[in-house]
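Please look over the sequence and the three-dimensional structure shown below before reading on. The paragraphs that follow begin with a single residue and then widen to the rest of the chain.

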Amino acid sequence: YQRRVHGDFSEMSRSLLLGDTAPDFTSPTQDATPLNFYQFIEGKWAILFSHPADFTPVCTTELGRTALLQGEFARRNCVVCAVSVDSSDNHQRWIPDINETMNCTVTFPIFADVDRNISRLYGLIHPEADRTGPTLTVRSLFIIDPNKKIRLMITYPASCGRNFDEILRCLDSLQLTTTQLVATPQNWQHGQDVVIAPSVSDADARAKYGDEIRFVKPYLRFTTSAAAARAVAKH
């Protein structure tokens with residue numbers, strides 16, 4: 001649980017957990033037009049990430065990198081959107097800087113959470129922010145599946161930019177393991193061998209993956225990503 005501060009009083013509210021339904025909201029974006037979050041992500045995987053403030057150096061590189069990876073996200077049936085407590089006008093003035101410095105074109109929505117509604121729903125503001133200084137959203141990221149369930153959460157300090165290779169890796173892992181009883185081992189990359197879940201018997205594993213099984217320990221068995229994909233296709 002976390003304590004959220006609202007003016008001169010506070011209340012206890014449960015923090016979001018993995019598996020929770022992502023909260024819905026409607027908020028203006030950089031073009032000042034209200035956008036409903038659920039309508040935007042309907043039927044797709046989604047990444048929602050917050051940045052501390054507009055016209056900041058690390059955030060400029062992050063939003064630029066996101067724009068450059070739009071094709072990679074689209075190939076994975078994933079939409080992306082950003083949020084901060086800055087205004088639509090600020091977003092509009094900042095985007096040309098991002099495009100210029102990162103050689104990109106920002107087309108994904110950047111929510112203008114001026115009233116902090118999104119930040120409160122997702123726990124993006126430190127509970128003591130009003131007392132300690134300017135309100136800045138923390139550098140958090142949520143991966144949300146097509147059922148609108150939160151599947152991954154990462155929070156970085158303001159000084160540490162996100163690793164987008166890791167974000168894509170996690171998205172690949174989540175999409176694969178959602179459809180198969182497998183897990184991805186340390187440092188796994190797309191296309192590499194995956195771990196067969198302990199709940200799958202050896203007989204069932206052979207029926208699913210044929211001879212493409214590597215036994216290391218009774219509880220540690222690997223199969224190829226290609227075999228896992230074929231097992232999905234059969235069903």
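A good place to begin is R75, which is exposed, with a relative accessible area of 59%. This value, like every other one here, was computed from a predicted model, and R75 counts as exposed because its relative accessible area is over 50%. The side chain of R75 takes part in a salt bridge with E72, in which the closest N and O atoms are 2.8 Å apart. Both R75 and E72 belong to helix α3, which covers residues 70-75, and they are three residues apart there, about one turn of the helix. E72, for its part, is partly exposed, with a relative accessible area of 29%.

Which residue other than R75 forms a salt bridge with E72? It is R76, and in that pair the closest N and O atoms are 2.7 Å apart. R76 has a relative accessible area of 11% and is buried, whereas R75 is exposed, so E72 forms salt bridges with one buried and one exposed arginine. These three residues do not stand alone, for E72, R75, R76 and D172 are linked in a network of salt bridges.

Another salt bridge can be found in helix α4, where the side chains of R93 and D89 meet at 3.4 Å, N to O. R93 and D89 are four residues apart in helix α4 and are therefore separated by about one helical turn. R93 is partly exposed, with a relative accessible area of 45%, and D89 is likewise partly exposed, with a value of 43%. Over the whole model, the count of salt bridges comes to 12.

Helix α4, which runs over residues 88-102, also meets helix α2, which runs over residues 57-68, and the axes of the two helices come within 9 Å and cross at roughly 70°. Because angles of 65 to 115 degrees count as roughly perpendicular, α2 and α4 are described as roughly perpendicular to each other. On the side of α2 the contact is made by C59, T60, T61, L63, G64, R65 and L68, while on the side of α4 it is made by W94, I98, T101 and M102. Sorted by kind, the residues of this contact divide into six nonpolar, four polar and one charged.

Just before helix α2 in the chain, the reader may look for F55, which lies in the loop between β5 (45-50) and α2. F55 has a positive phi of about 60° although it is not a glycine, and it is partly exposed, with a relative accessible area of 38%. A second residue of this kind is N187, which also has a positive phi of about 60° and is not a glycine. N187 is placed in the loop between β10 (182-183) and β11 (194-196), and with a relative accessible area of 58% it is exposed.

The strands offer two further residues to examine, and one of them is N36, which lies in strand β4, made up of residues 34-36. Is N36 buried or exposed? N36 is buried, with a relative accessible area of 16%, and this follows because the value is under 20%. If neighbours within four places in sequence are left aside, N36 is in contact with D24, F25 and T26. For N36 and T26, which are 10 residues apart in sequence, the C-alpha atoms are 4.2 Å apart in space.

The other residue is M153, whose place is in strand β9, residues 150-156, and which counts as partly exposed at 35% relative accessibility. Not counting residues up to four places away in sequence, M153 touches L16, L17, L18, L141 and F142. M153 and L48 are 105 residues apart in sequence, and from C-alpha to C-alpha they are 9.8 Å apart in space.

With these places in mind, the reader can turn to the chain as a whole, which has nine helices and 13 strands. Of the 235 residues in the chain, buried residues make up 46%. Among contacts with a separation of 6 or more, residues 24 or more positions apart account for 62%. Finally, the accessible surface of the chain comes to about 11,900 Å², and 53% of that surface belongs to carbon and sulfur atoms.

Notes:
Residues numbered from 1 in each chain as written. Predicted model: local features only at pLDDT ≥ 70, side-chain atom pairs only at ≥ 80, totals over all residues. Heavy atoms only, no water. Buried < 20%, exposed > 50% of the residue type's maximum accessible area, 1.4 Å probe, protein only. Contact = heavy atoms within 4.5 Å. Areas by Shrake-Rupley, 256 points an atom, 1.4 Å probe, with all protein chains shown as cover. Axes fitted to C-alpha atoms, helices over the stretch in contact; angles between N-to-C directions. Parallel < 35°, antiparallel > 145°, perpendicular 65-115°, else oblique. Nonpolar A, V, L, I, M, F, W, Y, C, P; charged D, E, K, R; others polar. Salt bridge = Lys/Arg side-chain N within 4 Å of Asp/Glu carboxyl O.
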